[in-house]
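Please open the structure in your viewer and colour it by chain, so that each selection below can be made in turn. The tour goes from the contacts between chains to a few smaller features.

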Amino acid sequence: MITNKEYKYETAFGLIAGPLYIIFGFIQLAVGLGYSSGWTDALYIPKDIIGSLILVLLGAIFLYGVKELNEGTNEGVSFVYVGIFLALLWVVVYLLVMSASALEAYMLKSEDFEEWVPADDMKPGIYLGILPLIGFLAWRSKFSFRRLSKAGV
Amino acid sequence: MTNNSIRVALAGNPNVGKTTIFNALTGAKQHVGNWPGVTVEKKTGSKKYNGYEIQFVDLPGTYSLTAYSIDEVIARDYIVEEKPDVVVHIVDATNLERNLYLTTQLMELGARIVIALNMSDLAENRGDKIDTKKMEKFLEIPVVKTVATKGIGIDQLLDTVIKEAKKGPHHEHMIGYGDDIEEKINQMENILEGDITLSKKYPSRWLSVKLLEGDDEALKKIEGSPVLDQVKNILSTINKEEYEAVMADKRYEAIDVIVPQVASRHDEKMTASDMIDRVFTHKYFGIPIFFALMWAAFELTFTFSVPFMDILDSAFAWLAGALADNVKPDWFGSLLGDGIVGGVGFVLVFIPPIFILFLLLAILEDSGYLARAAFIMDRLMTKIGLHGRSFVPMLMGFGCNVPAIMATRTIEDKNDRLTTILVNPFMSCGARLPVYVLFAGAFFGRQAGTVIFSIYVLGIVAAILTAKLLRSTLLKGDPAPFIMELPPYRVPTAKAATIHMWQRGSMYLKKAGTVILLGAIMIWTLATFPWGVEYGSEDSYAGKLGKVLEPLVAPLGFDWRIAVALLFGFVAKEIVIGALGVLYGLGEDAEEANISDSVEADPKIFALNSLGLMVFTLLYMPCIATVGIIKKETGSWKWMLFAIAYGIILAWTAAFLIFQVGSGLGYD
Amino acid sequence: MSNKVLPLLMMPEGKEGKVSRINADRGLLRRLIEMGFTENVSVKIIRSVKGSLIVGVNGCRYILSKDIAMKIMVTFW
């Protein structure tokens with residue numbers, strides 16, 4: 001159901017990314033609360049409750065944008081763009097955390113990280129990021145912050 | 001202006017880029033001090049340019065020049081009394097009306113003004129057109145377009161300043177206030193001119209206007225003057241409140257005539273900033289996004305910094321061992337290794353998380369998000385009897401409580417401000433972070449991040465409950481109305497964020513080199529003497545002192561070492577870690593490679609009481625610098641003592657409950 | 001089109017109006033005027049969340065507390 005003509009791609013994006021983030025959020029919440037099974041391992045779902053709530057939040061932001069856009073409120077597109085920004089912010093955070101673990105394992109050879117492999121720090125928050133990355137590239141000009149000034153020293 | 005030396009004051013509204021211009025003008029040649037008698041920061045700097053020596057003073061950012069706030073009084077007294085050769089007024093090009101209001105007041109002061117029309121790129125980008133030539137004509141003030149963040153227009157500004165300075169004596173500008181008021185102003189001026197010394201010191205039209213507005217500071221200035229009675233006579237014939245309002249309106253009328261002629265504004269329905277705010281200040285999403293951003297900041301601070309800390313930790317442990325083993329005489333090696341590297345080094349280990357935290361805080365602040373937090377939290381803050389505005393100093397407390405408490409000055413109402421000050425120490429500052437990182441890292445493994453985040457949340461909860469308690473008992477009353485500017489979002493630049501991080505971070509380093517160094521030497525001395533006892537053992541003075549204190553903290557599950565560490569932690573909370581580093585004698589024992597291993601190896605410290613220790617460190621009395629600023633800002637010994645006592649009681653109770661309930665449930 | 005005079009607080013989000021009167025005491029009135037809340041100036045409600053307001057005046061954004069927003073009377077249509 002895409003009724004907004006002006007932002008039909010953004011609406012479509014929200015319709016795909018929103019439910020996906022929410023579903024993965026709830027799966028991760030279940031794992032965080034103790035559920036565990038082969039297929040959750042295969043999806044790299046970590047035991048991380050706060051992280052799961054963030055996935056749900058991101059999904060909800062995308063869907064709220066869809067709701068506003070479909071109601072004809074064009075400003076609802078901000079939710080899609082800001083959602084993309086926040087989702088990518090989290091990808092960066094997770095990748096930095098992963099690189100810190102890599103540093104521990106390969107450079108410092110620290111005991112706690114003897115058996116660490118990059119997959120240990122893999123999570124939906126990272127691989128779902130491919131979607132917002134596509135959105136970011138598609139709407140790059142919207143993220144140029146041309147109309148925001150730079151912070152001074 | 002004398003001998004090619006020019007004195008320049010910078011004036012302007014808050015958030016117009018005044019500091020950026022100041023930095024661009026002066027470069028590294030700056031001096032930061034206080035205005036006499038008050039704790040408002042005073043920045044001065046100088047610049048050699050085309051053979052002139054130009055001295056700059058950065059006046060406090062103000063919207064106006066009335067007598068209602070200390071910042072405004074400082075700014076106008078400086079201009080009236082010190083008579084700088086030129087006042088550079090930084091005007092935000094995106095927002096002429098409000099900025100020009102200050103211009104009208106500067107004009108009345110008789111100052112020679114140069115307007116720096118800043119952020120003109122932003123105004124042009126959004127489609128505004130400002131005709132600076134016309135603006136110069138209407139205002140009779142030179143106008144220079146600047147983009148301070150890119151250094152554009154700075155040289156031109158300096159040229160204009162020099163040109164204006166050469167014009168010599170001060171320059172009167174006029175705002176007409178309408179016949180009735182003008183008549184009173186005339187009468188007042190005539191009276192004031194009867195006092196020669198007075199009229200030499202102050203521009204008489206300005207003083208007349210201020211007196212008619214009922215300005216208390218202006219009245220003080222004419223105390224003891226022979227014309228005082230005559231002035232009072234006139235004042236008794238008018239309604240000062242009405243005059244003040246009418247005169248403010250007249251100033252805006254003048255602006256409303258000028259602005260449409262010099263600026264054509266492209267009206268945007270929604271600015272980029274508003275679009276972002278639709279999400280960040282949304283009624284349902286605002287608070288969750290706030291917490292998600294905080295969590296991201298903590299995740300980075302604590303997880304990302306671990307390998308870098310490990311590197312520093314091993315390096316210092318090696319250095320401590322090498323010094324203690326190889327430097328002769330033995331006692332000197334021990335002082336260097338155990339005392340100085342053990343104490344100071346292990347505080348320095350925490351540079352990575354602290355600098356990352358400061359960097360992230362700087363990004364949040366530079367981007368303008370911090371001001372949004374005030375709005376997002378307003379509803380919650382109202383419930384505890386404060387306003388959203390009090391939330392900004394609380395967040396700043398995550399960096400350091402001292403500047404955070406100073407930042408409460410923008411809160412006018414006394415009880416609002418006092419409450420905001422008293423809850424601030426519960427916002428966990430950067431100095432407490434090493435304690436959490438050490439113990440959470442040692443005993444909670446991969447859950448460390450969550451544990452530390454919970455400690456921070458506990459601090460917020462303690463602050464909220466304390467505020468609620470104070471507001472319903474000692475500091476009763478509704479929060480005073482507030483209005484706060486919401487600056488547009490800005491893109492944080494790497495340069496600005498790094499500089500802000502360094503400004504805060506270097507304080508941490510300075511502290512490590514001074515207070516913490518002294519503390520470490522003192523604790524080492526206590527741990528070494530009387531000469532001959534085993535280092536850091538119960539027979540040392542430290543041990544004896546600890547044993548005296550131990551009964552006080554035994555119900556919390558703390559041993560004597562922790563008691564000593566906490567005692568010295570009053571000076572600066574990093575010392576808690578420094579002291580443990582010294583007491584565990586890192587240089588001595590080659591078995592334990594670093595402090596986390598020594599702590600883990602000590603059977604007297606385990607997960608449960610380390611949690612208690614973290615909570616105790618969070619809540620107990622604020623460090624000596626914070627206590628000092630509380631005294632200074634509240635002006636009361638009573639409230640300072642209250643802050644100390646309340647903190648200790650709260651910390652003790654919380655740690656007691658954690659240890660006793662936890663043991664009862666079988667945790668250890 | 002009928003004009004209405006209401007406190008700023010009662011204005012719906014996204015609406016624009018003109019300040020017609022401010023019922024505040026001297027100190028507050030002065031502050032508001034400094035910030036640009038003068039007679040007949042256009043104000044826009046950018047955000048309104050249960051009594052906390054973000055208001056746009058002359059291109060600036062301000063957070064106003066509920067009690068202030070009650071004192072600013074606005075004409076809108």
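What follows is a walk through a predicted model, one selection at a time.

**Stop 1: the chains together.** Begin with all chains shown, and look for where they meet: two pairs of chains are in contact, and of these chains A and B share the most contacts. Chain A and chain C, by contrast, do not touch, their nearest C-alpha atoms being 11 Å apart.

**Stop 2: chain A against chain B.** Select the residues where these two chains meet, and you should find 27 residues of chain A in contact with 42 residues of chain B. On the chain A side, the elements that give two or more residues are α3 (49-70), α4 (77-107) and β1 (149-150) of chain A. The largest share of that side comes from α4(A), which supplies 11 residues. If you then colour the side of chain A that touches chain B by residue class, you will see 18 nonpolar, four polar and five charged residues.

**Stop 3: chain C against chain B.** Move next to the other contact, in which 29 residues of chain C meet 31 residues of chain B. Here at least two residues each are supplied to the chain C side by α1 (26-35), β3 (42-49), β4 (52-57), β5 (60-64) and α2 (66-71) of chain C. With 10 residues, α1(C) gives the largest share of this side. By class, the side of chain C that touches chain B holds 13 nonpolar, seven polar and nine charged residues.

**Stop 4: strands paired between chains B and C.** Now select strand β10 (residues 483-485) of chain B together with β5(C), which pair in the antiparallel sense over three bridges. To see one of the bridge partners, display M484(B) and I63(C), the latter lying in β5(C).

**Stop 5: the domains of chain B.** Hide the other chains and colour chain B by its domain assignment, which gives domain 1 (5-166), domain 2 (179-264) and domain 3 (287-477 + 499-664). A distance drawn between the C-alpha centres of domain 2 and domain 3 of chain B comes to 53 Å.

**Stop 6: a strand in the open.** Finish with strand β2 (residues 30-34) of chain B: is it buried or in the open? Of its five residues the number buried is zero, so β2(B) lies largely in the open. Adding strand β3 (residues 41-49) of chain B to the selection shows the two strands paired in the antiparallel sense over five bridges. Within this pairing, V32(B) has K43(B) of β3(B) as its bridge partner.

Methods. Residues numbered from 1 in each chain as written. Chains lettered and ligands numbered in written order. Predicted model: local features only at pLDDT ≥ 70, side-chain atom pairs only at ≥ 80, totals over all residues. Buried ≥ 20, exposed ≤ 12 C-beta atoms within 10 Å, placed from the backbone. Helix = DSSP H or I, 4+ residues; strand = E, 2+ residues; numbered from the N terminus. Pairing = 2+ DSSP bridges. Contact = placed C-beta atoms within 7 Å. Nonpolar A, V, L, I, M, F, W, Y, C, P; charged D, E, K, R; others polar. Domains from an automatic or database assignment.
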